[in-house]
Amino acid sequence: MSDRAHADPATEIARRRTFAIISHPDAGKTTLTEHLLRAGGAIQLAGSVRAKGERRRTRSDWMGIERERGISVVTSVMTFEHSDKVFNLLDTPGHEDFSEDTYRTLTAVDSAVMVIDAAKGIEARTRKLFEICRLRDIPIVTFINKMDREARDPLELLDEIANTLALDTAPVSWPVGRAATFAGTYDLRSRDLHLTAPLPQSDSRLAELGDEVDLVRAALPEFDRDSFNAGHLTPVYFGSAIKGIGVTDLLDGLAEYGPPPRAQHADTRTVEAAEQGLTALVFKVQANMDPNHRDRIAFARVCSGRLTRGMRLKQVRTGKQIPLHAPQFFFAREREIADEAFAGDVVGIPNHGTLRIGDTLTDGEDVNFLGVPYFAPEILRRVRLDDAMKAKKLRQALSELAEEGVVQLFRPQDGTPPLVGVVGTLQLDVLQSRLAAEYSVAIGFETSPYALARWISSPDKAALARFVAANRGAMADDVDGDPVFLATSVFMMRRAAEQAPEIAFRDVKDVVREASPAATGAIG
Ligand SMILES: Nc1nc2c(ncn2[C@@H]2O[C@H](COP(=O)(O)OP(=O)(O)OP(=O)(O)O)[C@@H](O)[C@H]2O)c(=O)[nH]1
Ligand SMILES: [Mg+2]
């Protein structure tokens, strides 16, 4: 990321800003991402979402199905440098069917930008994502978007945030004009106007601004860094992502007070960002980003220490040594070799399936980061293969995509064809579309007799073995080989649980097997 030879780690860590953009679908996360990159000087011309048949596209929605449908399906990672800060930006999908991907991403960030559609206010997914951020002590910056359209009153929106989220709001900027006459923002701290074009002194928007600012100053708290870091207060920006208004305000704010890399919780201890030893957490895997080379990238957040190209890392789960030949910084689909990276950075590590979501990588220590969850699927389907000649290819493709977390895969122990499990049906569409596009395998889905899947475990290994033997026809292995019990109905699941009180049936699995129930339960 930088040319500085032998950069000082403390200085490097202090200039990292690693954040996710979160919200309800369609609030404008990808559009904001595009304009943040533009404001950061990272790209010349911002693309737009759903620019049909046009060459200029957004960077972060790069996958075929994302471009066809104009929605984000996976988190996109972008690392760029601006005003002496290194930003690692993660543009998450808003749709709840992809919430696992978003939740995993939230294990890798130090703050989040919550985007709100100014006409709609706090929507259901935004609220849920906010709650997850709060559980994880992730400070929130708010961007009220689409001010170029008919919007609700700004004070009313601030009220709604404060009331529904129990969060103090400190506006940092204020909108000048509204909807069609939205002309820019006023910086409440520096008192500078950031307008798209100069306004004459006599413009009524400036007079209104003066009155509103007096009111806002009297009624609302000023930005306070400690309250923000503690999660009690959110700084609020107004703007229009699509017009690039208010975006620089936000970027400057993140540079100024966005929290630098924080400590991360692990099973044996808390790992501080400033520690010398290298630790990193794999929170995302993405296959086939480059259609010409069937590659597979594990995205890891560096949690402490300095990562350098050529070093060997220990994969704590297996004890294996992983050579780091070509770590990469990503810019959506584009990439460059990372010679070194520091705490806060997100690096892509090409591999052939060795690295899994939830893996901890270190320079030797046996420590496992917590909090990368899998949720029990709501929907189970059997995969129907149209061309029997492709059975082997399908098997491999399903494993790869399941390791990536596109769907969950359950292989019944009685040898019947695999089941795929999803939280929402859009995941099935993504599976189908990616199997066709990336593996040339056409599939359909058939109903499965099973409705529920639960991970089972027990401290009493003999009891577990007895249960598995007695229920062989309803047992499956997940992608890690962990045992899963399948039931045809809630009633059947309950009955099985009553008859085997020594077995725990879980609907959340933390990738770290022995994580405490508290660590997994906090995510739901
Ligand atoms: N008028 C207006 N439209 C906007 C603005 N920002 C985004 N949009 C539009 O809103 C739609 C959704 O934008 P996206 O950026 O894809 O939203 P998203 O939050 O990334 O959506 P998901 O990733 O699918 O959750 C697109 O049609 C955008 O062009 C804005 O500031 N003003
Ligand atoms: Mg998006």
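Reader: How far apart do the C-alpha centres of domain 2 and domain 3 lie?
Author: This is a predicted model, where local features need pLDDT of at least 70, side-chain atom pairs count only at pLDDT 80 or more, and totals for chains, interfaces and linings use all residues. Residues are numbered from 1 along each chain as its sequence is written, and chains are lettered from A and ligands numbered from 1 in the order in which they are written. The bounds, from an automatic or database domain assignment, put domain 2 at 265-362 and domain 3 at 373-515. Between their C-alpha centres there's 27 Å.

Reader: How many residues does the contact take from each of the two?
Author: Contact means C-beta atoms, placed from the backbone, within 7 Å. By that rule domain 2 gives nine residues, and domain 3 gives nine residues.

Reader: Which strands are at the edges of the open sheet of eight strands?
Author: Strands here are DSSP runs of E, at least two residues, and helices are runs of H or I, at least four, numbered from the N terminus. Two strands pair if DSSP finds at least two bridges between them. The order is S27-S24-S26-S25-S29-S30-S28-S31, with antiparallel pairing. Those pairing on one side only are S27 (443-447) and S31 (504-506).

Reader: Which helix gives the largest share of the shell around ligand 1?
Author: A residue is near a molecule if its C-beta atom, placed from the backbone, lies within 6 Å of it. The shell has 24 residues, with Gly 28, Thr 30, Thr 31, Ser 72 and Gly 94 coming nearest. Three residues, the largest share, come from helix H2 (29-39).
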